[in-house]
Amino acid sequence: MTGRTPRLGRLRRVPPDRRVGRQAEARGARARRRGTQPKVVALGGGMGLSASLTALRRITGDLTGVVTVADDGGSSGRLRDELGVLPPGDLRKALAALCGDDDWGQTWARVIQHRFQSQGEINGHAVGNLLIVALWEQLGDHVQALDLVGNLLGAHGRVLPMSAVPLELQALVKGHDPRRPEDVDTVRGQATVALTPGEVQSVHLVPHDPPAVPEAVAAVLDADWVVLGPGSWFSSVIPHLLVPELLDALMETKARRVLSLNLAPQPGETDGFSPQRHLEVLGRHAPKLALDVVLADEAAVPDRDSLTDAAQRFGAAVELATVARTDGTPRHDPELLAAAYDRIFRMHGRIGPWR
């Protein structure tokens, strides 16, 4: 071919077109201009953390996502097995969530999320996974490499792994084998735990006391607000509480802590769980953890009194809001979730110079 390669069109930054999103984003923009934006840290993994980050970047530019690193499925699992690296998939999703709504941000979000389709070894790999792992090998530093990817994407925040070593998630599951409904078996691997039949009793990490990434601990200690969830409860949310240094930071920080509940139970992992049951299992894994606010979608809470009682055991108030998409799928609407977070930050006491 002798023709020139087509050039990408000029990437333009355009504002969101929904009222609640514009209002929350406008407040965030005014705070950024004044240098008084809140420092927010969001912990989780997968699509749940992505939903939280997509909402939070609309109201603050001082945002850090701390991501679980126990994934062992798909492209991440293959790279982990072949190269011995951290699973990059959830880190990639978090970076994509921090891309802006303008042409530049959305173009790069699509690029790093793109998966190759082929008959060869590259089939199923995501571009962002390969980019992240390449930079890890080039730089030898997980945090520096993720910061560099974030700069390339124009990410509205920072992404950090919760630990610098690959972790294995293990679960004790009652009735994992339908032929033995009363027996408790050990189920290994995040991908397996997420879809396990039976009732998950508890989870733990291997190694049992993994080191936390120092920058993640520092971010939690320096935060004004920490947001935990939504996401796969046993495989993305609770694992953060199983890293001793990270749990200590969550208990010691002067930040206020928000727990964001899921819109519906997850098939396999939390089948049949009520909103208050999610709190009960969280408390079993971190009995000394205190919370300030529990956020739930109004339509997903059939028994408000029971949820209020469960939240009070953590010292938390319950905030109900409409945060689900209107298409009937159990997914959070980023603008509605942003408005809910913004209201919580304004109504439940601000800490630090941005008040």
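**Briefing: helix H6, the nonpolar core, aromatic pairs and Arg257**

In helix H6, the buried residues are Gly128, Asn129, Ile132, Val133, Leu135 and Trp136. These residues lie on the same side of H6, because they cover an arc of only 160° around the axis. The structure is a predicted model. The points below begin with this helix and then turn to the core, the aromatic rings and one buried arginine.

**Helix H6**

- Helix H6 spans residues 127-139, which makes 13 residues.
- From its first C-alpha to its last, H6 reaches 18 Å, close to the 18 Å expected at 1.5 Å a residue.
- An α-helix has 3.6 residues a turn, so residues three or four places apart point the same way.
- Glu137 and Gln138 are exposed, and they sit on the face of H6 turned away from its buried side.
- The packing partners of the buried residues of H6 are helix H3 (74-83), helix H4 (89-97), helix H5 (103-113) and helix H7 (142-153).
- Gly140, just after H6, takes a positive phi of about 65°.

**The largest nonpolar core**

- The largest nonpolar core has 101 residues, and those that touch the most other members are Leu56, Trp136, Leu259, Leu279, Leu282, Leu291 and Tyr341.
- Helix H14 (residues 334-347) gives the most to this core, with six residues.
- Leaving aside residues up to four places away in sequence, Leu282 touches Leu228, Trp233, Val237, Ile238, Leu241, Leu259, Leu291 and Phe314.

**Aromatic pairs**

- The count of aromatic pairs comes to four.
- One of them joins Phe234 and Phe273 edge-to-face, with 6.1 Å centre to centre and 75° between the planes.
- This pair links distant parts of the chain: Phe234 belongs to helix H10 (residues 233-237), while Phe273 is in the loop between E8 and helix H12 (275-285), 39 residues apart.
- Both Phe234 and Phe273 are buried.
- Tyr341 and Phe345 form a stacked pair, at 6.3 Å centre to centre and 20° between the planes.
- Both residues of the stacked pair, Tyr341 and Phe345, lie in helix H14, four residues apart, or about one turn of the helix.
- Tyr341 and Phe345 are buried, and with Trp225 they form one aromatic cluster.

**Arg257**

- Arg257 is part of strand E8 (residues 256-260).
- Arg257 counts as buried because its relative accessible area is 12%, under the 20% limit.
- Not counting residues up to four places away in sequence, Arg257 touches Val226, Leu250, Met251, Ala290, Leu291, Asp292 and Val293.
- A polar atom of the Arg257 side chain lies 3.2 Å from the backbone oxygen of Ala290.
- Arg257 and Asp224 are 33 residues apart in sequence, and their C-alpha atoms are 8.8 Å apart in space.

Note on methods: Residues numbered from 1 in each chain as written. Predicted model: local features only at pLDDT ≥ 70, side-chain atom pairs only at ≥ 80, totals over all residues. Heavy atoms only, no water. Helix = DSSP H or I, 4+ residues; strand = E, 2+ residues; numbered from the N terminus. Expected span 1.5 Å × (residues − 1). Buried < 20%, exposed > 50% of the residue type's maximum accessible area, 1.4 Å probe, protein only. Arc of directions from axis to C-beta. Contact = heavy atoms within 4.5 Å. Polar contact = N/O pair within 3.5 Å; in protein donor to acceptor, adjacent residues only side chain to side chain. Core = buried A, V, L, I, M, F, W, Y, C linked by side-chain atoms within 4.5 Å. Phe/Tyr/Trp six-rings, centres within 6.5 Å; stacked < 30°, edge-to-face > 60°.
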